[in-house]
Amino acid sequence: MFATTLKHTCRLQRSSFVSLATPSFKRYFTYDITSDTTTQPTDVMFDRMKTASKEDDVFGMDASTNQLENRVAQLLGHEAGLFCASGGMTNQLGIRVSLHQPPHSVLVDARSHVHLYECGGIAYHAQASVTAVTPKGQHLSVEDIKQHAIRDELCGAMTRVVSVENTLNGTIMPLPQLEAIREYSLNQRYKLHMDGARLWEASVATGIPLADYSRLCDTVSVCLSKGVGAPIGSVLVSDKETIRRARHLRKLMGGGWRQSGGLAAAAEYCLDHVLPSRMKDTQARTLRLWQGLQRLGMQSALPVETNMIFIDTCGRVSLRAWAQQLLDQAHVRIDASDPDDRIARLVLHYQIPDHVVDNILDVTTTFVRDHGKEPSTFSPSNLQNAYPSANNNKS
Amino acid sequence: MIMSMAIKSKPILVKQAVCRYLSTSPVQRLYIQNNLHNDQTHTSQPAMDPNAKLYDFRSDTVTAPTDEMFEVMKKATRNDSVFEEDDSVHELERHVADLTGHEAGLFCASGTMTNQLGLRVHLTQPPHSVVCDARSHVHLWEAGGIAFHSRASVSPVIPRNGVHVTATEIEGNLIEPDLHTAPTRVVSLENTLSGMVMPLQDMQEIAALARDRGLAMHLDGARLWNAHVASGVPLHEYGKCFDSMSLCLSKGVGAPIGSMLVGNRKFIDRARHFRKLFGGGWRQAGSIAAAAKYCIDTVVPTMDATHALTRYLADQLVSLDIDLQNPVHTNMVLIDTARVGLNIQKDVAPALLRKNIKIGGMGSKSRIVLHHQIDKEGVDLLLSVFREVLAQHNTRKFQQEQELASAEA
């Protein structure tokens, strides 16, 4: 019965009734590779939720939630954690809690999520200006911070917090660079916040333990609802006192939820079953996809280091036409809203299986063979256009 | 105290044998004393009997998800609701919007979020202010949200009748536009407040006043479900009075997490954007939405029984000479043990804990809250402990008096 209804939906959504593994229904699914936030909870997770504690987290009384918070804090080399509804919330809390009184400002990479995709939260929540720096190299460095930090105590809003992002657009900030930033921040008495929404990817790719990155920062936000696979949630970690204050601020932001134990249990399940091996497989799969597309004459706007490819068709094919072909032939959805019709962000996660990569490559090979042109010479457009919500891409 | 009701609503104040409303303390302090929960800053004593059932009377937020709910959650859709792709979330939002007679809904993580979002959308540019009951949750228990999120002042009104604000009182507290002022922009009401139902007629009068003055009307209807069940007023009749309403799903309704904001489409679109700003943009929320819808359908009909049980509890407490701070309309009993000489934290709470019963409050005041997961057995157990404590207290008192008397002799 479900086969016929699913067949006729054009923007397909994955039904929860059927497990992804069932071969007969595979061709009716659309695999969405625009973001790893699309990871869906599995039936096992709901069973696990039943066993969680059911106390009220507003009063900090829920054992399952506290357990998750402690576990993540420990993994990241910090004292305490706070489980919140979203990465936007944990980022804004992490930054807010280090800012006490204006005039003050936060220095960030100009491509940061906290600056571009959190609805102006830094200005709103902390009345702080943002110094958005386009780094000279791949990532923010001490030189960038030195050059752009605000020290003017008469007319300026002094830099108080530096916020780094790792991974940023799927690329990893090298540990030595982060260590240098840490040292400089300590010297200058800046607080250091890390948007580590995808820090897990960095650690899996490099083999460097999470704590080696995260203990260098005063506050760290790590997301559970992206590649890690949980339905909802993100954790902020820091020392006990900071987290206590963050909890209070969380209530102010409306993040004081009640029986969050079930959600915490689902997240723990993911830390146990998705993180250990599935993430590494996904990264290998991403590399394979990238290499295949590269052989077809496409380029990537950024290095492919984890689970993201900023694919640049280089004018070989129209991005929109390619996207339509992928949807029709391979049932794969990518975001083709770049006005220059060139760049798309492809994000893989553990629920995108191997055969999907094969299909993408097969379809693309045929498509490039039939419709491919000479690559264009002008340089690619602003990567921001590749972000899913940039062009209000709602059908 | 009989209140005049609109024709549609049925009388809700049940005659009680003896009812004394002691309200000599300032209203605000009263509420704070009642609600001193065992939160994380409090050292809580461990419950004594791990085998006995736990009864938590401190709030209806403690309603716990059931195995059935997790099965319902499993069947929900699992799409990304930040990009508005999830059917289960849409279904819940549509359902509550329909029930309340509004165009659209927004499903959020908490009542604080839906309240603050609702107010925030109305409050477009300072200087501006909100007028509300002095005991309002939005004013006292949302971490200063109105000032923080909306940069608005608050005009708190202390209602003379001790139950709800009236149109006259609201009118008397409105701030007119002037060089020096932060003019009133929103009237924010709460129903139920401390378990008490605000009559529809008063709401309608205030709504008429607000519309006349061009003010927005917001309702903190966290427990509007209880008001609806107790008064018989349909939700959409309440809905007509307000531009925006916040209805909680995680309290008496019993869902694990969540609250709904309803309003017109443009309003909700704006609220959705603000929700992302607040950090409330959650991903696969379909399962939580499904649990909430399930609860609306299955738990709200049980509220009548919960209210009846609450009235029974109140009657029994009153028969022990314990006073009530407020009339009992729905699922809350606010008691004052001053007259019988009991201290909640010193005398009552420890004794209750030994029987695995949790209660809040401090001094002589406590707020006891019932919900559908509390049975008559639990209520009777609570009452038996109260009787025991009172008996011991009276005996002690008698012995002390005897000693004094013999000392003087």
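Contact means heavy atoms within 4.5 Å. Helices (H or I, at least four residues) and strands (E, at least two) are DSSP runs, numbered from the N terminus. Axes are lines fitted to C-alpha atoms, for helices over the stretch in contact, and angles run from 0 to 180 degrees between N-to-C directions.

This is a predicted model, in which local features need pLDDT of at least 70 and side-chain atom pairs count only at pLDDT 80 or more, while totals for chains, interfaces and linings use all residues. Residues are numbered from 1 along each chain as its sequence is written, chains are lettered from A and ligands numbered from 1 in the order in which they are written, and side-chain values use heavy atoms, with hydrogens and water left out.

**View 1. Helix α12 lies across three strands of chain A.** The helix covers residues 240-252 of chain A. The strands beneath this title are β2, β7 and β8 of chain A. Helix α12 runs at about 20° to β2(A).

**View 2. Seven strands of chain A form an open sheet.** Their order is β2-β8-β7-β6-β5-β3-β4, with mixed pairing. Two strands pair if DSSP finds at least two bridges between them. β2 (80-84) and β4 (129-133) of chain A stand at the edges with a single partner strand each, so one side of each lacks a neighbour in the sheet. Neighbouring strands are turned by 20° against each other on average, direction ignored. Within the sheet, β7 (residues 219-223) and β8 (residues 234-238) of chain A run antiparallel and are joined by four bridges. Ser221(A) stands opposite Leu236(A) in β8(A).

**View 3. Strand β12 of chain A is largely enclosed by the rest of the structure.** Buried means under 20% relative accessible area, exposed over 50%, partly exposed in between (1.4 Å probe, protein chains only). Five of the five residues of β12 (residues 343-347) of chain A are buried. In a regular strand the side chains alternate between the two faces of the sheet. Ile343(A), Arg345(A) and Val347(A) point one way from β12(A). Ala344(A) and Leu346(A) point the other way. Strand β10 (residues 308-312) of chain A runs antiparallel to β12(A), with five bridges between them. Phe310(A) has Arg345(A) as its bridge partner in β12(A).

**View 4. The structure holds zero disulfides over all chains.** A disulfide is a pair of cysteine sulfur atoms within 2.5 Å. For Cys84(A), the nearest cysteine sulfur is that of Cys223(A), 11 Å away. Cys84(A) counts as buried, at 0% relative accessibility. For Cys132(B), the nearest cysteine sulfur belongs to Cys241(B), 18 Å away. Cys132(B) also has 0% relative accessibility and counts as buried.

**View 5. Chain B holds 15 helices and twelve strands.** Of its 409 residues, 60% are buried. Among contacts in chain B between residues at least 6 apart in sequence, 75% join residues at least 24 apart.

**View 6. Confidence varies along the chains.** pLDDT is the predictor's confidence in each residue, from 0 to 100. Chain A averages 91, and 90% of its residues score at least 70. Over residues 1-27 of chain A, pLDDT is below 50. Chain B has a mean pLDDT of 90, with 88% of its residues at 70 or more. In chain B, pLDDT stays under 50 over residues 11-28 and is below 50 over residues 38-43. Where pLDDT is low, the predicted coordinates should not be read in detail. For the complex, the predictor gives an ipTM of 0.82 and a pTM of 0.85.
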